[in-house]
Structure formats: structure tokens, C-alpha cells
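Work through the following exercises with the sequence and the model side by side. Each task is followed by a solution that goes step by step.

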Amino acid sequence: MSRIWKLGDNINTDIIIPGRYNVTTDRAQLAKHCLCEVLPEFAQQVQAGDVIMAGHNFGCGSSREHAPSAILGCGTRVVIARSFARIFYRNAVNIGLPVLVCEEAVLASSDGDAIEVDLERGEITNLTTGQTFQSEPLDPFVARIVQAGGILEYIRLEGTLR
């Protein structure tokens, strides 16, 4: 069982990981400061497998991979949002962080709710409310990239992009 960490609209990459911490690409170091300015307790309290839920335009701002890396470094299982900034979405896939779009789940869920997510089927179950939602499951190719741990690991394993 995982916990939802709920955020609003237009959460930009500098909110996810402030620029002053982008002096490293080490995920563990970035994770220590993830969401520090909006949820100071996040980095200390997030548990492996927890889920971030957000409104529209999650990850807008810079094109640095630091933001999804910080989230992944915290052990976050998936980010579910009403919509994603295009560059963040692609960076998340490239580093192996699953991202799902499901407006209904976001609107019906609250911070702290318990959640289960089946990435293969795109099924999101809010265990607190008992509601189940259907998102678009990960594209099979994207799922293989995520499962490999990112695009570089996928290429190392497969030898090519298929």
C-alpha cells in the first residue's frame, strides 16, 4: 500500500528540485531536497512506492533531468497528473520514472490517501475511497524502457531502439 502526495497545478521543475541543488546528478543527493520548498517534510517522510499526484502541467519549466531524477531518487513509484509538461514527460520516461495521466483519479483523491497502481493495466485504485480509475496504460515500448531503468539501460540491454 502506497501513500498519495498531492500537489496542485503548474508544479515546475524548480519547485520539484530548486536550481541551487542541481550541482549533481546523483539521485540520492537530489532526493534529499525534492519538493523542499512546498512540502518540506516530503524528502524525510516519503516511502519507497509512494505516489505523487498533481494537477495540470506537472513538470513545466526547465528541461533538466534533475526533477524526475529527484523524484525517482525518493523511491516514488509513479507520478499521476491531470497533464504533464511535454519535456518533463519525456525526461521521466528516459530515466525510468513511470508517469500516468488520469484526471479523474487526481480530482477524486486527497493527500495522504492510500493507493495501488497497476502500471501494466493503467489501473489506479484509491484504497481510502474504494474508487478505481482507468488511465491509459504505459505504451509497451515505454513500459520496456521504464522496466529497464531508463533509456540508457534499455539500449545496453537491447542493443538498439525497437
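Two strands are said to pair if DSSP finds at least two bridges between them, and strands (E, at least two residues) and helices (H or I, at least four) are DSSP runs numbered from the N terminus. The model is predicted, so that local features need pLDDT of at least 70 and side-chain atom pairs count only at pLDDT 80 or more, while totals for chains, interfaces and linings use all residues. Residues are numbered from 1 along each chain as its sequence is written, and side-chain values use heavy atoms, with hydrogens and water left out.

**Exercise 1. The sheet**

Task: Determine in which sense β5 and β6 pair, and place the two strands in the order of the sheet.

Solution: Begin with the pair itself, in which β5 (residues 114-118) and β6 (residues 123-126) run antiparallel and are joined over four bridges. Within this pairing, Val117 has Ile124 of β6 as its bridge partner. Then widen the view to the open sheet of seven strands, whose order is β4-β3-β2-β1-β5-β6-β7 and whose pairing is mixed. The edges are formed by β4 (99-101) and β7 (131-134), each of which pairs on one side only.

**Exercise 2. The core**

Task: Find which members of the largest nonpolar core touch the most other members, and list the contacts of Ile80 outside its sequence neighbourhood.

Solution: A nonpolar core is a set of buried Ala, Val, Leu, Ile, Met, Phe, Trp, Tyr and Cys residues joined through side-chain atoms within 4.5 Å; buried means under 20% relative accessible area, exposed over 50%, and partly exposed in between (1.4 Å probe, protein chains only). The largest such core has 51 residues, and Phe58, Ile80, Phe88 and Ile124 touch the most other members. Next, take contact to mean heavy atoms within 4.5 Å. Once neighbours within four places in sequence are set aside, the contacts of Ile80 include Val51, Ile52, Met53 and Ala54, as well as Leu100, Cys102, Val106, Ile115, Val117 and Ile124.

**Exercise 3. Salt bridges**

Task: Decide which parts of the chain are tied together by the salt bridge between Asp14 and Arg64, and set beside this pair the one formed by Glu153 and Arg156.

Solution: A salt bridge requires a side-chain nitrogen of Lys or Arg within 4 Å of a carboxyl oxygen of Asp or Glu, and the whole structure holds seven of them. In one of these, the side chains of Asp14 and Arg64 meet at 2.9 Å, N to O. Because Asp14 belongs to helix α1 (residues 13-16) and Arg64 to the loop between β2 (51-54) and α4 (66-73), the pair ties together parts 50 residues apart in sequence. Asp14 is partly exposed at 38% relative accessibility, and Arg64 is partly exposed at 31%.

For Glu153 and Arg156 the N to O distance is 2.4 Å, and both residues lie in helix α8 (residues 151-158), three residues apart, about one turn of the helix. Glu153 is partly exposed at 34%, whereas Arg156 is exposed at 60%.

**Exercise 4. The two faces of α7**

Task: Identify which residues of α7 are buried and where they lie around the helix axis.

Solution: In α7 (residues 140-148), the buried residues include Val142, Ile145, Val146 and Ala148. Viewed down the axis, the buried residues fall within an arc of 165° (taken from the directions from the helix axis to the C-beta atoms), so they line one face of the helix. These buried residues pack against α5 and α8, while the face turned away from them carries the exposed residues Pro140 and Gln147.
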